[in-house]
Amino acid sequence: MNDFPDIWYSDHQTKNVKVSIRVDKQLCSVVSDFQRIDVFESPAFGRFLTLDGDIIFSEADEFIYNEMVVHVPMAVHPNVKKVLIIGGGDGGVARELTAYPEIKQIDVIEPDERFVEICQEYFPEAAKGFEDPRVQRYYQDGLRFLRGRTDEYDLIINDATDPFGHTEGLFTKEFYGSCYKALREDGVMVYQHGSPFFDEDESAFRAMHRKVFRSFPISRVYGAHIPTCNSGYWMFGFASKKYHPINDFNPKRWNVRKLKTEYYTTNLHTGAFMLPRYVEDILEQEEKING
């Protein structure tokens, strides 16, 4: 453990943009079979984790991401019994799902066992999601796990970090087609969609929407403000065989649960799908090309 009197960690979001966070100390630095994993302690964000130099989440804002990938689909789909999380090695998504007693099984597919161990040690508040007996962990590739699975899950959450490196296969046409087959006839898939604000990220954002739009009859995008994500404005995708995220949204059914949240509300749910003009333009352009 090293104490730093005045050290800043710089997250290079593009070749022209970096965001720096003052750190008190570095808690962990490990090279697993898949990636380099570092954990830092900071005054502003508490502990935060980086993979291969990119900030993935922090104690201060992880609740935003996890609530938005879980409560949005759960407020739409009326009967979720079995959930698949692809990625999710920190346990935060599983933690949010365990608030729903009707869910019978939560499968977490994470190839990097060392990543899970580090999150359990340094981020116990997120990793406590693994303590629920409904949660089963599988240490293997997500796409390989999906192949051959048909009509099995009500909800799939793709929590993979980005479309590069060892997770690249989780952002392909084959992957989305495999998700479609693995979902039941009214299944929903939610996934992190990145941010199109920087030019360097726009092409990946476009490609992702193009592939999902061609794979599912219903495909919508929504956003949230997450300070440690690129540009601070992060997008998510909602893809479904049957349910529309607004037309089939049931705020009364969700509110009666009285779940404790710090970011998600049923008012925010509707607003999250109201996108800036430049994002709408990007999505509409891709839909027209492939419509």
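Student: Glu-286: buried or exposed?
Tutor: Buried. This is a predicted model, and in it Glu-286 has a relative accessibility of 4%. The cut-off for buried is under 20%, so Glu-286 falls in that class.

Student: Which residue does Glu-286 form a salt bridge with?
Tutor: Arg-210, with the closest N and O atoms 2.7 Å apart. Arg-210 is partly exposed, at 28% relative accessible area.

Student: Where in the chain do the two sit?
Tutor: Glu-286 is in helix H10 (residues 277–290) and Arg-210 is in helix H7 (residues 199–215). They are 76 residues apart, so the pair links distant parts of the chain.

Student: Which residues are in the network with them?
Tutor: Glu-202, Arg-206, Arg-210 and Glu-286 are joined into one network by salt bridges that share partners.

Student: How many salt bridges does the count come to?
Tutor: The count is 19. Among them is the one between Glu-117 and Arg-114, where the closest N and O atoms are 3.2 Å apart.

Student: Why are Glu-117 and Arg-114 separated by about one helical turn?
Tutor: Because they are three residues apart in helix H3 (residues 113–122). Both count as partly exposed: Glu-117 is at 35% relative accessibility and Arg-114 is at 34%.

Student: And Lys-128, what does it form a salt bridge with?
Tutor: Glu-125, with 2.8 Å between the closest N and O atoms. Lys-128 counts as partly exposed at 37% relative accessibility.

Student: Switching to the sheet. What is the strand order in the open one?
Tutor: S8-S7-S6-S9-S10-S12-S11, seven strands with mixed pairing. Strands S8 (135–138) and S11 (218–225) stand at the edges with a single partner strand each, so one side of each has no neighbour in the sheet. From one strand to the next, the twist averages 20°.

Student: Do S7 and S8 run parallel or antiparallel?
Tutor: Parallel, with four bridges joining S7 (residues 105–109) to S8. Within that pair, Asp-107 stands opposite Gln-136 in S8.

Student: Which strands does helix H1 touch?
Tutor: Helix H1 (residues 62–74) packs on the sheet and touches S9 (153–159), S10 (183–194), S11 and S12 (233–240). The direction of H1 makes about 145° with that of S11.

Student: What about helix H6?
Tutor: Helix H6 (residues 173–182) also packs on the sheet, touching S6 (82–87), S9 and S10. The direction of H6 makes about 145° with that of S10.

Student: Now S4. How many of its residues are buried?
Tutor: Five of the six residues in S4 (residues 46–51) are buried, so the strand is mostly covered.

Student: What joins S3 to S4?
Tutor: A hairpin, through three residues. S3 (residues 36–42) pairs with S4 in the antiparallel sense over six bridges, and Val-39 has Leu-49 in S4 as its bridge partner.

Student: And on to S5, how many residues lie between S4 and S5?
Tutor: Two, in another hairpin. Asp-52 in the turn has a positive phi of about 50°. S4 and S5 (residues 54–58) run antiparallel and are joined by four bridges; Leu-51 has Asp-54 in S5 as its bridge partner.

Student: Last one: where is Gln-13?
Tutor: In the loop between S1 (2–12) and S2 (18–31). Gln-13 counts as buried, at 10% relative accessibility.

Student: What does Gln-13 touch?
Tutor: Leaving out residues up to four places away in sequence, Gln-13 touches Lys-18, Val-19, Phe-198, Cys-229, Asn-230 and Ser-231.

How values were computed: Residues are numbered from 1 along each chain as its sequence is written. This is a predicted model: local features need pLDDT of at least 70, side-chain atom pairs count only at pLDDT 80 or more; totals for chains, interfaces and linings use all residues. Side-chain values use heavy atoms; hydrogens and water are left out. Two strands pair if DSSP finds at least two bridges between them. Axes are lines fitted to C-alpha atoms, for helices over the stretch in contact, and angles run from 0 to 180 degrees between N-to-C directions. Contact means heavy atoms within 4.5 Å. Buried means under 20% relative accessible area, exposed over 50%, partly exposed in between (1.4 Å probe, protein chains only). A salt bridge is a side-chain nitrogen of Lys or Arg within 4 Å of a carboxyl oxygen of Asp or Glu.
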